Amino acid sequence: MSIAQWNREKKEASLYTKAVNRLFGEELGIDLEDATNEEYELAKTHCLKKVDELVIKDANGNVVWNTKAFDFLKEKKVPDTVNPSLWLNGKSNALAGVFSVVEDKIIQVRGFDIANLTLVRGKTGWIAVDVTTTVEVAKASIELVEEVLGEDIHNNIKAIIISHSHVDHYGGIKGVVDEEKVGKAEDGKVPIYVPAGFDIETVKENVYAGGAMLRRSEYQFASRQEIGEKGIVSVGLGLKVSRGTVSYITPTDFVAENQTIVIDGLEVEFQLTPGTEAPSEMNNYFKEYKAFWAAENCCGTLHNLYPIRGAHVRDASAWSKYTRDALIQYGEESDVVFQSHNWPHWNTKEQPTLVKDYLRNNAAIYQFIHDQTLLYANQGYTAREIAKKIKVPKDIAKNWFIRPYYGSIEINARAVYQKYLGFYNANPVTLNPLTEVEEAKQFVSYVGSEEAILKKAKEEFEQGKYQSVAEVTNKVVFANPDNIEARYLCADALEQLAYQSESGIWRNAYITGAQELRDGREKPTNLENKESDIAKNMTIPMILEYLGIVIDGDLAGEEDLKFNLQIVQPSSKDAKGIEEKSNAVLAETDNKTTYLGNEATIVNQIFVHLYKGTLLFYEDYQETSEPIPYVKTTREIFFALVGKKIQAVKQYIETDDFSALERLQDYVVDLGESRGFNIVEA
């Protein structure tokens with residue numbers, strides 16, 4: 001590749017990348033002219049309705065999903081710009097349609113989202129197990145199954161099981177069930193079963209760290225990138241995340257212990273697996289159908305112990321243990337293991353122990369990464385060194401269903417290191433490191449000039465040393481974002497790394513970084529929808545915790561602000577429209593009070609204290625030792641503080657000192673100003 005080609009255009013695979021991918025394919029036994037493997041052949045089976053052409057749109061006509069966008073994956077020959085192993089994963093995930101897991105009993109819809117919609121037949125209706133990311137995809141999936149089976153599915157959903165607290169498993173729920181139908185089974189309603197802790201973990205990811213995580217997820221899922229041989233191929237768990245309406249309904253049943261629950265006449269066993277793929281997660285076993293649901297603890301790929309979008313570091317040892325427990329408890333009696341991503345694995349005449357082999361190998365790889373990381377850490381190796389050093393045994397690595405399409409050995413090893421030892425590598429030089437920009441400027445000054453760095457980087461690019469080129473040129477970009485030559489060279493290096501990556505999310509991150517270096521960031525999306533279903537379902541303690549997160553601690557560093565907060569539920573449906581009354585303190589008996597001249601029930605009594613930059617609050621407590629303001633309102637109205645809209649709802653707040661709320665709001669940071677923050681440049 002000549003220097004003259006370093007510009008903002010996408011490039012072809014270099015000769016070096018072609019050689020790397022060719023050798024990779026040879027090592028794995030992939031025919032680059034007609035690629036296939038056991039998982040691809042397995043993914044094609046048990047298809048009830050193949051879907052090649054389906055466009056799903058939202059209410060505004062925006063395309064949520066288009067199966068034809070992935071037609072390029074139907075080609076037999078592996079493109080030079082895609083790792084051969086990832087190409088096979090993409091081909092398998094692109095097989096869209098309605099599939100049978102257990103004949104006439106368990107149905108899956110695959111290929112319309114990163115996640116699957118699963119339906120389990122009960123005695124009088126259906127149990128939905130995970131509901132995809134968006135309402136539009138879930139609704140279309142239900143309609144497809146209705147077409148195939150000739151049954152009314154939507155009006156016969158008897159229960160919903162959501163395996164864990166990630167949006168691609170609950171976001172489509174309003175496409176599966178109408179919210180007014182949700183409630184306790186004993187009341188004739190549709191119950192929603194989730195693992196204990198589901199609600200708080202959902203809020204932590206989508207609200208507390210929501211802005212940062214969603215921006216970072218643009219790199220993990222390449223949400224702004226084109227689909228194709230030089231773009232998105234697969235994220236490992238599926239093709240990509242559907243882009244539609246995300247919904248949320250407050251669950252009705254939180255499962256806090258392993259147990260069997262009869263749901264629509266069917267015995268369903270629940271196995272809690274906290275700290276694995278999600279902090280709050282569970283597997284299920286459908287005994288009558290001899291079918292084990294592995295949630296997202298086992299898929300068609302190695303998973304992440306740390307996703308690059310950011311999240312809690314997962315517990316590799318616990319992940320392995322719960323999978324071993326499942327192997328012992330359900331492996332022998334299960335005919336099939338299925339999950340929320342990719343495709344099931346069945347015992348067959350040719351492979352009578354495939355379910356057990358599948359569970360055993362999944363358990364083995366997480367335990368291996370865990371144990372070897374700690375072995376090397378105890379010998380003094382750093383996280384980066386361990387990531388390069390760990391090699392999974394060939395007999396485990398040869399299993400296609402744990403190839404690193406989503407998770408990766410390198411990042412998983414670093415995650416284990418972080419879980420036990422943290423980010424610090426014990427070298428005191430790194431105790432208080434320079435910022436990325438400071439380090440970049442220091443690096444450039446020590447080398448001598450940006451020109452000297454780029455001269456050497458161009459030489460290394462021609463030698464195929466793309467990681468080295470990306471690192472040094474990115475330092476130039478951080479030191480001087482206006483250096484166009486550095487931006488283009490760094491982008492070209494990232495692009496070649498993308499073409500070589502077996503991991504779909506590594507590929508996505510590389511191509512997204514390359515695009516932003518070449519074209520700059522696009523206008524940021526609405527990364528924090530304060531009116532989302534999740535926000536509407538946050539409890540007052542959750543709202544207060546988030547309010548503390550968005551307080552500018554520097555600005556409020558000398559503040560000492562207190563008030564007693566009382567959250568009420570009016571007898572009427574909503575506080576809006578109720579006439580304002582005087583601000584006099586009202587007499588209260590037990591949990592009853594009046595609010596804006598109407599009867600109301602006290603829901604929360606909390607003492608709120610903004611103390612020297614930190615928001616402290618005390619539940620079920622009111623401060624009476626000193627005269628402080630009181631605030632009485634509803635949950636919905638109090639939430640206006642987060643959006644800096646408290647003045648607009650003043651008439652719905654009873655208080656003897658409204659200025660206390662105004663002062664508090666003055667310290668709130670509007671995170672909208674930070675949406676779309678820089679990642680690959682300063």
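Trainee: Ground rule first: buried means under 20% relative accessible area, exposed over 50% and partly exposed in between, with a 1.4 Å probe and protein chains only. What are we looking at?

Mentor: A predicted model: local features need pLDDT of at least 70, side-chain atom pairs count only at pLDDT 80 or more, and totals for chains, interfaces and linings use all residues. Residues are numbered from 1 along each chain as its sequence is written, and side-chain values use heavy atoms, with hydrogens and water left out.

Trainee: Backbone, then. What is the phi of Thr 132?

Mentor: Near 65°, so a positive value in a residue that is not glycine. Most residues other than glycine have a negative phi.

Trainee: Where is Thr 132?

Mentor: In the loop between strand S7 (126–131) and helix H4 (135–149). Helices (H or I, at least four residues) and strands (E, at least two) are DSSP runs, numbered from the N terminus.

Trainee: Is Thr 132 buried or exposed?

Mentor: Thr 132 counts as buried because its relative accessible area is 1%.

Trainee: And what about the phi of Ala 295?

Mentor: Ala 295 has a positive phi too, about 55°, and is not a glycine. Ala 295 sits in the loop between strand S14 (291–293) and H8. With a relative accessible area of 0%, Ala 295 is buried.

Trainee: Now His 312. Where does His 312 lie?

Mentor: Also in the loop between S14 and H8. Its accessibility differs in class, though: His 312 is partly exposed, at 43%.

Trainee: Which residues does His 312 touch?

Mentor: Glu 201, Lys 204, Pro 279 and Leu 305, once residues up to four places away in sequence are set aside. Contact here is heavy atoms within 4.5 Å. As for spacing, the C-alpha atoms of His 312 and Asp 58 are separated by 32 Å, with their positions 254 residues apart along the chain.

Trainee: Follow that to Glu 201. What else is Glu 201 in contact with?

Mentor: Ser 165, Pro 279 and Ser 280 are among its contacts, and so is His 312, leaving aside neighbours within four places in sequence. Glu 201 lies in helix H6 (residues 198–208). At a relative accessible area of 12%, Glu 201 is buried.

Trainee: Switching to H8. What is the environment of Ala 326?

Mentor: Ala 326 is in helix H8 (residues 316–331). Ala 326 is buried, at 1%. Beyond neighbours within four places in sequence, Ala 326 contacts Gln 271, Phe 292, Gly 331 and Leu 359. From Ala 326 to Ala 294 the C-alpha separation is 8.7 Å, across 32 residues of chain.

Trainee: And where is Asn 362?

Mentor: In helix H9. Asn 362 has a relative accessible area of 0%, so it is buried. Its contacts, past four places in sequence, are Asn 297, Cys 298, Thr 323, Phe 401 and Ile 402. The C-alpha atoms of Asn 362 and Asp 325 are 12 Å apart, with their positions 37 residues apart in the chain.

Trainee: Electrostatics next. How many salt bridges are there?

Mentor: A search of the whole structure finds 39. The criterion is a side-chain nitrogen of Lys or Arg within 4 Å of a carboxyl oxygen of Asp or Glu.

Trainee: What is the N to O distance between Glu 332 and Lys 356?

Mentor: That salt bridge has a distance of 2.8 Å. The pair links distant parts of the chain, 24 residues apart: Glu 332 is in the loop between H8 and strand S15 (336–338), and Lys 356 is in helix H9 (residues 354–377). Glu 332 is exposed at 62%, while Lys 356 is partly exposed at 22%.

Trainee: Which residues form a network?

Mentor: Asp 52, Glu 53, Lys 68, Asp 71 and Lys 74, joined by salt bridges that share partners. Within it, Asp 71 pairs with Lys 74, with closest N and O atoms 3.2 Å apart. Asp 71 is partly exposed at 22%, and Lys 74 is partly exposed at 48%.

Trainee: What about Glu 218?

Mentor: Glu 218 forms a salt bridge with Arg 224, at 3.4 Å from N to O. Glu 218 is buried, with 7% relative accessibility.

Trainee: Last one. Which residues form the positive surface patch?

Mentor: Arg 384, Lys 388, Lys 391 and Arg 414. Patch residues have over 30% relative accessible area and no salt bridge, with like charges joined within 9 Å. Lys 391 is in the loop between helix H10 (383–389) and helix H11 (394–397). Lys 391 is exposed, at 62%.

Terms used
Patch = residues over 30% accessible without salt bridge, like charges linked within 9 Å, V, L, I, M, F, W, Y side chains within 5 Å. Areas by Shrake-Rupley, 256 points an atom, 1.4 Å probe, with all protein chains shown as cover. Lys, Arg positive; Asp, Glu negative; His and termini not counted. Charge placed at Lys NZ, Arg CZ, Asp CG, Glu CD.
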